[in-house]
Amino acid sequence: MEAEGRKPFPFITAHTGCMETLDNTLDAVRMGIELGADIVEDDVRVTKDGIAILAHDDIWTTAAGRSISISETNFTELKNVEVAVDYAGKQGSMTFSTLEEMLRLIKPTGTIANLDLKVDEAVDAAAELVHSLGMLEQVFLSGCERERALLAQRRQPQLRKLLNADIRLFRTLPYEFAVEQTCREALEASCFGINIYHEVVTPWFMERARASGLPVYVWTVNETQLMEHYADLGVASITARNVQALADLKQARANEA
């Protein structure tokens, strides 16, 4: 049992590149799984010929110094290209991993995949893989602000998705209005919850989201004190690069119960 008055511990979401692994690599996925993350997050883009790969940005510099665009390059050309990366303060290189490789890696583990879509084309590309691998219950989409969430609902209604809260609303509207609009947009697009930058979340936000039946997933929290704060607020998930600290906190609370 949980300690009296204490909420269930949030899902642990491993941010891509957790524990100083390289972002959007299979090594990062393995690290999240090894540390017991409930959810592993990766960014998804699509090549010119429609192959979903793990990448945050579209434009990269190859190890040979040439500029290359994922969206304008066929996968057969891209798959063996080494791109320059800054890893742990050192210059290095990597090749791109595919979304299929990532999904096949996590499928037998039961870990959930959070696919942070960076382009609209990734909706169908991801859905095709999820269906072919039989992973509807093991995958959800994020990276979906209002328009992309509505697009995903029209094209792939079977895929679960979070609404990515539009932080611009919180900069331009009174806070209460921004919260209400965020909840409304999530419901309009049939999202199962809200994905939001942690500093925006307050007890009032949690109250309104809860009243709308929308779990709150916060990103990206790496300090233990903040992890404790958001766990106490009752968020559904905390995304962290420092997965070990979050796992340690979960264990400490279990020991107290």
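UniProt, in an unreviewed entry, lists residues 10-250 as "domain: GP-PDE". What you have in front of you is a predicted model, and over residues 10-250 its chain is 37% helix and 24% strand. If you look for the two ends of this stretch, you will find their C-alpha atoms 9 Å apart.

Now step back to the whole protein chain. You can count 10 helices and 13 strands in it. Its C-alpha atoms fill a box of roughly 55 × 40 × 35 Å along the principal axes. How does the radius of gyration fit with a compact globule? For 257 residues, such a globule would have a value near 18 Å, and the protein chain has 18 Å, so the two agree.

With that overview in mind, let us visit a hairpin. Strand β6 covers residues 83-87 and strand β7 covers residues 90-94; the two pair in the antiparallel sense over 5 bridges. Within this pairing, D86 stands opposite Q91 in β7. The hairpin has 2 residues between the strands, and here A88 takes a positive phi near 55°.

A little further along the numbering, two helices are worth a stop. Helix α3 (residues 99-106) and helix α4 (residues 122-132) have axes that come within 10 Å and cross at roughly 35°. The crossing of α3 past α4 is right-handed. On the α3 side, L99, E100 and L103 make the contact, while α4 contributes A126, L129 and V130. What is the character of the residues in the contact of α3 with α4? They divide into 5 nonpolar and 1 charged, with no polar residues.

Technical notes: Residues are numbered from 1 along each chain as its sequence is written. This is a predicted model: local features need pLDDT of at least 70, side-chain atom pairs count only at pLDDT 80 or more; totals for chains, interfaces and linings use all residues. Side-chain values use heavy atoms; hydrogens and water are left out. UniProt positions are given in the numbering used here, feature names are shortened, and annotations may be inferred rather than shown by experiment. Helices (H or I, at least four residues) and strands (E, at least two) are DSSP runs, numbered from the N terminus. Two strands pair if DSSP finds at least two bridges between them. Axes are lines fitted to C-alpha atoms, for helices over the stretch in contact, and angles run from 0 to 180 degrees between N-to-C directions. A crossing is left-handed if the near helix is turned anticlockwise from the far one by less than a right angle, and right-handed if clockwise. Contact means heavy atoms within 4.5 Å. Ala, Val, Leu, Ile, Met, Phe, Trp, Tyr, Cys and Pro count as nonpolar, Asp, Glu, Lys and Arg as charged, and the others, Gly among them, as polar. The radius of gyration is taken over C-alpha atoms; the globule rule is 2.2 Å times the number of residues to the power 0.38.
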